[in-house]
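Welcome, and do pull up a chair. Could we talk through the charged side chains of a protein together?

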Amino acid sequence: MAIQSISEMVDTDWLRNLSNNYLHSEIGIVTNWSCNSIGAVDKNFVTGGVYRISGTTEIDSGAQQSWSFILKEINPDPLREDPAHYNYWRREILAYSSGLLNNLPQNIFTPKCFAIDEKDNGSVWLWIEDIEQDQRQWEWDDYGFATEKLGEFQAAYLLGNPLPEFHWVNRQWMRSWLNECYAYQYQPDIHSKRILLSDQRVAAIMDQFTQLENGSMIGYMESNCFPKHLLTRTFMR
């Protein structure tokens, strides 16, 4: 949705209450605010947009305090109504409302969700904590640290922590994703396929894909890994 439309739809009383709760104030008055689109241009199918809503509030002492939220608009999608779908449109909403993300193992944290606003048109607005980004370029050690922590997170579910039992936690994410990809699959004619498979590297890739399609690798990965779509990346689809 366009920034102007979002700005017109934001209820000022809602914004005042939300910012006051964030600033721990009861009588703060919003003096100004703005809306800026952020995130990828090519958005996820179910994402209407991601925006930064920021402004200032005058509190009881007369001082000005700044605040900002990430507003994510999620749109209903009849093609993605099944909780088993890898891109089930309500999964992120349910993940926040369930409280599951408040108690993840191994010191893994997600941005806080301050409000879930169900709109009359069926869309849902998530008002999420605005996390300051690290502007520096990552070094190899940074990737190593992140990989190690993700491994510890996964291991927690192999060493005693039970997997969540919520119906929207997808334990066949990869299979669902592959099934969706069939709609965009390129089907070469017999002559083109013969040329492609004459390259041993391409033939090896096709052989690996065939093994993957047989389900052996998918079954192993899905039975031994934490459901990928539970954390829903960093909520900027």
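What follows is a short conversation about salt bridges in this predicted model.

Visitor: How many salt bridges does a search of the whole structure find?
Guide: Happy to start there. The search covers the whole structure, and its total comes to eleven salt bridges.

Visitor: Which residue does the side chain of Asp134 meet in a salt bridge, and at what N to O distance?
Guide: A salt bridge needs a nitrogen of Lys or Arg within 4 Å of a carboxyl oxygen of Asp or Glu. Asp134 is partly exposed at 48% relative accessible area, and its partner is partly exposed at 44%. That partner is Arg136, with an N to O distance of 3.2 Å.

Visitor: Is Glu165, the partner of Arg171, buried or exposed?
Guide: The two side chains form a salt bridge at 3.8 Å, N to O. Arg171 has 36% relative accessibility and counts as partly exposed. For Glu165 the relative accessible area is 68%, and exposed means over 50%, so Glu165 is exposed.

Visitor: What is the relative accessible area of Arg201?
Guide: Good one to look at in the viewer! Arg201 pairs with Asp199 in a salt bridge of 3.2 Å, N to O. Asp199 is partly exposed at 26%, whereas Arg201 is exposed, with a relative accessible area of 64%.

Visitor: Which residues do salt bridges with shared partners join into one network?
Guide: Here the salt bridges share partners, and that sharing links the residues into one network. Its members are Asp77, Arg80 and Glu180.

Definitions and conventions:
Residues are numbered from 1 along each chain as its sequence is written. This is a predicted model: local features need pLDDT of at least 70, side-chain atom pairs count only at pLDDT 80 or more; totals for chains, interfaces and linings use all residues. Side-chain values use heavy atoms; hydrogens and water are left out. Buried means under 20% relative accessible area, exposed over 50%, partly exposed in between (1.4 Å probe, protein chains only).
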